[in-house]
Amino acid sequence: MTTDLHIPRGAWSVDAETSHARFTAATLAGLVKTAGHFRSLWGDLTIEQDRATGVLRIDASSIDTGNRLRDRHLRSSDFFAADAHPELRYELHTLTSLEPDALRLDGQLTIAGTRTALPLNAELRIHSDTLVEISARTDVDRVALGVRGARGMVPRTVELDIRVTLRRNRS
């Protein structure tokens, strides 16, 4: 479902070079914040007259916190289980325009085999009829998302920061 979207209709692809998927988790009772990102992501979005669909895929093994030992642990079955579940996936089901520069995305996030509804309020920037940027920040409950490792060390709530730059596919 779409409601008065300002994004031009058509097929769009994620520009991996200018997009990002970042996170911040407080550790040690909130005294230390650990930031990280995923180095590899890709996806697509299709805008039609009466609906929008899309998928953002993130390579689970591309996690980077700047610490190789921590990253190896995050790839393990304690967290992302990257060997068994090589990608994190956000599937967009509906996209609703809230204002000219704001969107509501309703979709599902799948991490390590656990699928959870994740609605997002997002900011929209239309740079041209061939270049669009969608950004969202939210806090998520990592345990509800299936990421259960390191109880007591990593809090349940993790901040996500996603920016997706979309380029219109040439027909």
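Buried means under 20% relative accessible area, exposed means over 50%, and partly exposed is anything in between. Keep that handy for this predicted model.

Q: Is Arg-22 buried, exposed or partly exposed?
A: Its relative accessible area comes out at 41%. The cut-offs are under 20% for buried and over 50% for exposed. That makes Arg-22 partly exposed.

Q: Which residue does Arg-22 form a salt bridge with?
A: Look for a carboxylate partner whose closest O atom sits 3.9 Å from an N atom of Arg-22. Arg-22 is in strand S3 and the partner is in strand S13, so the pair ties together parts 139 residues apart in sequence. The partner is buried, at 11% relative accessible area. It's Asp-161.

Q: How many residues apart in sequence are the parts that Arg-39 and Asp-64 tie together?
A: These two side chains meet in a salt bridge, 3.9 Å from N to O. Arg-39 lies in the loop between strands S4 and S5, while Asp-64 belongs to strand S7, so the parts they tie together are apart in sequence by 25 residues.

Q: What is the relative accessible area of Arg-39, which counts as exposed?
A: Exposed calls for over 50%. Its partner Asp-64 is partly exposed, at 23%. For Arg-39 the value is 52%.

Q: How far apart are the closest N and O atoms of Arg-104 and Asp-106?
A: Both residues are partly exposed: Arg-104 has 30% relative accessibility, and Asp-106 has 24%. They form a salt bridge, and the closest N and O atoms are apart by 3.0 Å.

Notes. Residues numbered from 1 in each chain as written. Predicted model: local features only at pLDDT ≥ 70, side-chain atom pairs only at ≥ 80, totals over all residues. Heavy atoms only, no water. Salt bridge = Lys/Arg side-chain N within 4 Å of Asp/Glu carboxyl O. Helix = DSSP H or I, 4+ residues; strand = E, 2+ residues; numbered from the N terminus. Buried < 20%, exposed > 50% of the residue type's maximum accessible area, 1.4 Å probe, protein only.
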